[in-house]
Structure formats: structure tokens, C-alpha cells
Amino acid sequence: MVLISNVKKAAIAVLIVAIVLIAAFALTVALYHPMNTVMSDGQKVSNGYIAYNKNGSDPTAYIHLCNWGVGDGHSNAYPFNFNGTSYGAMTIYLPAHINVKLTLTDYEVKPHTLKIELPYPSQWARGPIWAHTSVHVQKVINSTGVVLPIWYGNTAHSRSIWWNNTEPGKYWLVCGLTTHAEAGMYIYVIVSSSITKPYYTIK
């Protein structure tokens, strides 16, 4: 009877530990889910929509991307990511003929860049493949220089680029450093006249 009682106690203890671990994991996901890391002008956007100034003759969207890394406390970050997403998990939808300011902040311990590319239609859905070149990309719309990495004790580094008068089409946002996009560091972008305000989805 004593042995059975001890086994029950051990089983209950294991169950409690499992519940605590599951709760901790759920809390981590809630706090660091990439849906809460798409930022515009430094403010977090949690509803899927992106800051958009539609006033005047030059409507402008503001998109703030970041690379997670151990430098800002995300020890479980992907090594190649935009806002914690990799391999096209994020898709950004933009109205046609607007201006877009894109800011990249690098919290990683490795440098990154940001490039807006227009791939050939046959290449878009598969994403950037190994050593993607002009064979796969029609043209580069704009690109940052290298955004320096964050090192322990340093502040994060940022650079911005503009994409003016967006033309309808399907694009990639990629890291332009060799093999980074091919290793998962890209976002899908769809520009269409049927989209009235910018937003994003994460699959």
C-alpha cells in the first residue's frame, strides 16, 4: 500500500511539473509570438494592420521589421528571421501606388540587410532558392546597406529604405547577404489595387 501511495504521489508530481512547463511555454508564445512584433514607427501592432497615413496626395505605410536574436533577450529566436518568422511565414499586403517606409532593426549578433525584390512570376511562390540570382529576380526595387549586428551591451542598429509608388505585383522582402534569404529570411509581399489599406498575415 505504501508503494502504491508513493507511485501515485510521484505521478501527481510529474503531472504538476508537466502542467507548469506547458503553461510556461504558452506564456512564452503569447509574449513573443511574431504577430506582436510587427512594429510601425516603434509602436507594436497586434491586429494585423500596419500604420498607414492615407491623408494627402502621398499615402504612406510604415513597416518596422526586426531580426530577433539573443541580443534583445530572445534566446529561442530563429537564426534567420524577420520578426520571428522564416520561410515566407509572413505575407504583407499593400495597396497599389502608395509609398512605403521600411525600417530594419537588427537585434541579431550577425549583420543583415533588407532588399525589395520583384521575382519572376514562376519563382514567387517557392521563395528565394539557393544562390538566387537575376535568373530568379526581375529587378531589385531598393535595398539597405548592411545593418550592423547588436553585441552584448550595445544598442540595436537600424536603417530605413523607401519604396515609392508601389506597382501591382508579387514581391519578396529578403536579406541580401549571401545565403540568408535562401536559409529562410524572406517575407512575401502582394501589392494590388483591390487592397485598400496595408496589413499582414502569418501562417
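Which residues have the most contacts inside the largest nonpolar core? They are Ile 92, Trp 163 and Leu 173, in a core of 28 residues. The model is a predicted one. Its protein chain has 203 residues, of which 42% count as buried, and its secondary structure comes to two helices and twelve strands.

**Overall fold**

- Along the sequence, the helices and strands of the protein chain come in the order α-β-β-β-β-β-β-β-α-β-β-β-β-β.
- Among contacts in the protein chain with a separation of 6 or more, 72% join residues that are 24 or more positions apart.

**Nonpolar cores**

- The largest nonpolar core, with its 28 residues, draws at least two residues from each of strand 4 (60-67), strand 5, strand 6, strand 7 (115-119), strand 9 (157-163), strand 10 (169-174) and strand 11 (186-192).
- Another core, of ten residues, lies apart from the largest one, and its members include Trp 124, Val 137, Tyr 186 and Ile 190.
- Leu 173, one of the residues with the most contacts inside the largest core, touches a long list of residues beyond its neighbours within four places in sequence.
- That list includes Leu 65, Phe 82, Ile 92, Leu 102 and Leu 114.
- Leu 173 is also in contact with Lys 115, Ile 116, Met 185, Tyr 186, Ile 187 and Val 189.
- Of these partners of Leu 173, Ile 92 is itself named among the residues with the most contacts inside the largest core, while Tyr 186 belongs to the core of ten residues.

**Salt bridges**

- Side chains of opposite charge can pair when their charged atoms come close.
- The structure holds two salt bridges.
- One joins Glu 108 and Lys 110, whose closest N and O atoms are 3.5 Å apart.
- Glu 108 counts as buried because its relative accessibility is 4%, whereas Lys 110 is partly exposed at 26%.
- Glu 117 and Lys 115 form a salt bridge through their side chains, with 3.3 Å from N to O.
- Here Glu 117 is buried, at 3% relative accessibility, and Lys 115 is partly exposed, with a relative accessible area of 21%.

**Second largest pocket**

- The second largest pocket holds about 150 Å³ of space.
- It is lined by 14 residues, and those closest to its centre are Lys 115, Glu 117, His 132, Thr 133 and Gly 176.
- Strand 7 and strand 8 (137-143) are the elements that give two or more residues to this lining.
- Lys 115 and Glu 117, both among the residues closest to the centre of this pocket, are also the partners in a salt bridge.

**Cysteines**

- A disulfide is a covalent bond between the sulfur atoms of two cysteines.
- How many disulfides does a search of the whole structure find? It finds zero.
- Cys 66 is buried, with a relative accessible area of 2%.
- Cys 175 also counts as buried, at 1% relative accessibility.

**Residues in loops and in helix 2**

- Ala 96 sits in the loop between strand 5 (90-95) and strand 6 (99-106), and its relative accessible area of 13% makes it buried.
- Beyond residues up to four places away in sequence, Ala 96 touches Thr 166, Pro 168, Val 191, Ser 192 and Ser 193.
- Ala 96 and Asn 165 are 69 residues apart in sequence, yet their C-alpha atoms are 7.3 Å apart in space.
- Gln 123 belongs to helix 2 (residues 121-124) and is buried, with a relative accessible area of 12%.
- Outside the residues up to four places away in sequence, Gln 123 touches Ile 129, His 136 and Trp 172.

**Backbone angles**

- Most residues other than glycine have a negative phi.
- Asn 83 has a positive phi, near 55 degrees, and is not a glycine.
- Asn 83 is placed in the loop between strand 4 and strand 5, where it is buried with a relative accessible area of 0%.
- Tyr 87, in the loop between strand 4 and strand 5, has a positive phi of about 55 degrees although it is not a glycine.

Technical notes: Residues are numbered from 1 along each chain as its sequence is written. This is a predicted model: local features need pLDDT of at least 70, side-chain atom pairs count only at pLDDT 80 or more; totals for chains, interfaces and linings use all residues. Side-chain values use heavy atoms; hydrogens and water are left out. A disulfide is a pair of cysteine sulfur atoms within 2.5 Å. Buried means under 20% relative accessible area, exposed over 50%, partly exposed in between (1.4 Å probe, protein chains only). Helices (H or I, at least four residues) and strands (E, at least two) are DSSP runs, numbered from the N terminus. Contact means heavy atoms within 4.5 Å. A salt bridge is a side-chain nitrogen of Lys or Arg within 4 Å of a carboxyl oxygen of Asp or Glu. A nonpolar core is a set of buried Ala, Val, Leu, Ile, Met, Phe, Trp, Tyr and Cys residues joined through side-chain atoms within 4.5 Å. On a 1 Å grid over the protein atoms alone, a cavity is a set of points where a 1.4 Å probe fits but cannot get out, and a pocket is an open set with protein on both sides within 12 Å along at least five of seven lines; lining residues have an atom within 4 Å of a point. Grid points are joined across faces, edges and corners, and a volume is the space filled by probe spheres set on the points.
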